[in-house]
Amino acid sequence: MTINSITFLSLVRREVARFTKVAIQTIFAPLISTGLYLIIFSYSFQNREVAGYGVPYISFIVPGLIMMSLIQNSFANTSSSLIGAKYNGIIIDFLLAPFSYIELSLGFMIGGMVRGLLVATVTYLVSIYFYGGAIAHPFLALFFAILVSSIFSLFGIIAGLWAEKFDHVSIFSNFFITPLTFLSGVFYSVKGLPGIWSEVSLFNPVFYMVDAVRFAFIGQSDMSPYFSALVIFSLAVFLLVIVTYLFKIGYKVKS
Amino acid sequence: MVYSDRLRDIYGGDFVTTAIKIRDINKTYGELQALDDVNLDIKKGEFFGLLGPNGAGKSTLIGILGGLVKKDSGNVTVLGKDIIKNYRETKKSLGIVPQEITFDPYFTVRETLEIHSGYFGIKDNDQKIDELLNALSLSDKAEIGPRQLSGGMKRRLLIAKALVHDPEIIVLDEPTAGVDVELRNSLWEYVINLNNQGKTIILTTHYLEEAEALCDRIAIMNKGKIVKVDTKENLINSIDKKLIKIQFADSVQGLEDELQEINFDLNKDKREIEIETAKQDLDKILKKINRLNLDIVDMNIESAKLEDVFIKLTSLGGDDN
Ligand SMILES: Nc1ncnc2c1ncn2[C@@H]1O[C@H](COP(=O)(O)OP(=O)(O)OP(=O)(O)O)[C@@H](O)[C@H]1O
Ligand SMILES: [Mg+2]
């Protein structure tokens with residue numbers, strides 16, 4: 001496990017520069033869609049209550065919406081960076097340069113995290129207007145946000161390496177990311193789901209992420225935050241190992 | 001090179017004088033044997049040519065060197081280091097200009113070179129970057145995006161990228177395809193200069209005159225095999241061929257009869273002749289022509305060219321192996 005700081009930081013810098021150069025598309029566009037959710041939910045469900053949670057509905061969904069921005073943008077950054085690099089051929093720059101495999105994993109991952117956390121932070125700032133902005137455990141919120149963005153950045157790397165066309169990336173987001181996110185309790189409490197559905201949700205890793213962040217925001221959650229933290233942390237480590245292995249074998253990039 | 005001479009004295013070994021050592025490399029793509037038991041040694045400081053027809057396996061071999069292609073078997077060392085075990089070191093020693101043109105659309109020419117320097121662990125590389133931009137006539141394009149570059153300019157950017165980290169071994173996979181004559185010359189001037197500074201140069205090209213003019217030693221590949229490795233002089237001398245071109249003052253009579261059983265080509269107005277022959281027959285033929293007492297305006301005798309060797313050794317010419 002070798003890391004050369006200049007080499008590694010150059011990759012991070014490249015990844016961050018790449019998305020900031022097209023900020024309209026990578027930062028502002030996602031903000032608009034989250035902003036619309038906030039407007040719609042805060043006005044349509046003004047008087048709704050969530051069973052078992054003594055907070056206004058808007059306070060309940062804000063952590064979920066922030067998570068959604070975080071997840072989607074972390075994933076979008078790494079997946080589009082890699083499929084783009086494969087498409088225009090510059091993927092070979094990463095192979096010809098003296099990157100260790102862990103540097104490649106962490107370099108791309110951090111690039112995705114920066115974008116995810118940036119969009120999530122701005123989403124939070126916007127949400128202050130709608131719910132006041134209170135966070136019960138701010139450091140915990142940051143800790144979970146970092147972990148979750150790392151997970152979806154890593155997931156995006158896998159998707160980007162696997163994909164042979166830009167379309168393939170959207171298969172990943174349409175068939176995995178979006179359903180798992182929408183069914184994770186962003187908009188409702190999983191406890192309140194009828195019958196078997198609340199148990200099925202326990203197999204959805206995104207549920208633990210949303211639930212843990214909700215705990216950090218409002219001090220209440222469906223699961224124990226410690227258990228969620230364990231699930232999330234294990235998943236992050238697992239994905240990091242997988243991604244590093246994929247870089248090592250040159251999965252779909254070396255012939 | 002004083003340092004490496006001293007090391008050689010101490011160790012008597014060849015690891016410092018061998019830039020690249022390739023042993024028993026095989027690579028298949030499905031049914032296709034792209035590389036077939038390739039062995040090759042390239043010495044430090046050499047200007048080495050890797051020639052062969054399309055599909056011979058040149059780029060595949062270079063890909064293995066740079067870690068773009070996975071070999072099936074065999075091993076490769078770069079300056080004595082294994083390319084798998086010590087890949088970070090070997091990648092720093094290599095500057096590979098790939099055959100395919102690629103570019104990162106997000107960054108300007110200068111940004112591309114800065115990022116690339118960073119990948120190789122070099123901070124603040126402005127001096128080298130300016131030198132390269134200058135040598136490759138890209139200075140006035142430094143601040144624009146690669147989409148706005150012409151094809152030849154993109155290739156020059158590719159060359160600059162491969163050189164930002166001042167590599168010991170420079171591998172150029174068809175660097176001049178699509179580059180105009182003037183810039184080609186300035187590129188070669190720069191590369192020859194690097195070679196004079198002790199850098200090892202490996203070149204593939206389909207312009208055989210280019211290889212003939214530049215390379216010290218040449219390997220000729222065909223269908224995944226190295227069919228011949230030798231110095232340029234030995235390769236050319238291995239072909240016993242002389243081409244005599246004579247121009248006469250008037251159209252000649254009786255020459256055909258005199259030159260029976262000799263391979264020649266007389267033009268329509270019978271004032272120019274080209275005779276292909278072996279070295280030993282040169283004297284005999286010239287005497288025969290002399291006998292006719294013709295008025296000769298001009299005469300030229302050419303030796304074999306690298307192209308002749310190439311044709312002989314690859315499938316383009318008759319069956320030689
Ligand atoms: N990724 C790949 N998948 C399948 N076959 C490949 C791949 N890359 C190369 N080949 C095949 O391997 C053989 C050698 O190709 P290579 O690119 O090394 O040739 P080359 O000598 O560089 O030719 P050229 O002068 O055209 O550049 C060719 O038959 C080619 O079709
Ligand atoms: Mg080639």
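1. Is B:Q99 buried, partly exposed or exposed? B:Q99 counts as partly exposed, because its relative accessibility is 30%. The band for that class lies between under 20% for buried and over 50% for exposed. Note at the outset that this is a predicted model. Every value below is computed from it.

2. Next, the metal site. B:Q99 is a donor to the magnesium ion, ligand 2, through OE1. B:S59 is the other protein donor, through OG. The two donors lie 1.9 to 2.1 Å from the ion. The pair brings together distant parts of the chain, 40 residues apart. B:S59 belongs to helix 2 of chain B. B:Q99 sits in the loop between strand 6 (94–97) and helix 4 (109–119) of chain B. B:S59 is also partly exposed, because its relative accessibility is 30%.

3. Now ligand 1. The shell around ligand 1 holds 15 residues. The closest are B:N54, B:K58, B:S59, B:T60 and B:H206. B:S59 is thus a name to track twice: it is listed here, and it is a donor of the magnesium ion. The surrounding residues come from chains A and B, so the site is shared between chains. Anyone setting up this site should keep that in view: chains A and B both contribute.

4. Which side chains of chain B place an N or O atom 2.8 Å, 2.7 Å and 2.5 Å from an oxygen atom of ligand 1? B:N54 does so at 2.8 Å. For B:K58 the distance is 2.7 Å. For B:T60 it is 2.5 Å. The protein covers 64% of the 640 Å² of accessible area that ligand 1 has on its own.

5. Where does the shell come from? Strand 2 (32–43) and helix 2 (58–66) of chain B each supply at least two of its residues. Helix 2 of chain B gives the most, with three residues. By class, the shell around ligand 1 divides into five nonpolar, eight polar and two charged residues.

6. Strand 2 of chain B also holds a backbone point to check. B:D37 lies in this strand. Its phi is near 50 degrees, a positive value in a residue other than glycine. Most residues other than glycine have a negative phi. B:D37 is partly exposed, because its relative accessible area is 46%.

7. A second positive phi deserves a look. B:D166 has phi near 50 degrees, and this residue is not glycine either. B:D166 lies in a loop of chain B, between helix 6 (151–163) and strand 7 (169–173). B:D166 is partly exposed, because its relative accessible area is 39%.

8. Back to the loop that carries B:Q99. B:D104 is placed in the loop between strand 6 and helix 4 of chain B. Is B:D104 buried or exposed? B:D104 is buried, because its relative accessible area is 8%, under the 20% cut-off. The C-alpha atoms of B:D104 and B:T314 are separated by 37 Å. Along the chain, these two residues are 210 residues apart.

9. Compare that with a contact across the sequence. B:L208 lies in helix 8 (residues 208–214) of chain B. The C-alpha atoms of B:L208 and B:E307 are separated by 6.2 Å, with their positions 99 residues apart along the chain. B:L208 is buried, because its relative accessible area is 10%.

10. One internal polar contact is worth listing. The side chains of B:T204 and B:D173 are joined by a polar contact of 2.8 Å. B:T204 is found in strand 8 (residues 200–204) of chain B. B:T204 is buried, because its relative accessible area is 0%.

11. Finally, the overall frame of chain B. Chain B contains 12 helices and 14 strands. Of its 321 residues, 50% count as buried. The C-alpha trace spans about 75 × 45 × 45 Å along its principal axes. Chain B is divided into domain 1 (45–69 + 86–232) and domain 2 (240–303). The centres of these two domains, taken over C-alpha atoms, are separated by 44 Å.

Technical notes. Residues numbered from 1 in each chain as written. Chains lettered and ligands numbered in written order. Predicted model: local features only at pLDDT ≥ 70, side-chain atom pairs only at ≥ 80, totals over all residues. Heavy atoms only, no water. Near = heavy atom within 4 Å. Polar contact = N/O pair within 3.5 Å; in protein donor to acceptor, adjacent residues only side chain to side chain. Areas by Shrake-Rupley, 256 points an atom, 1.4 Å probe, with all protein chains shown as cover. Helix = DSSP H or I, 4+ residues; strand = E, 2+ residues; numbered from the N terminus. Nonpolar A, V, L, I, M, F, W, Y, C, P; charged D, E, K, R; others polar. Donors = N, O, S within 2.8 Å, 3.2 Å for Na, K, Ca; no water. Buried < 20%, exposed > 50% of the residue type's maximum accessible area, 1.4 Å probe, protein only. Domains from an automatic or database assignment.
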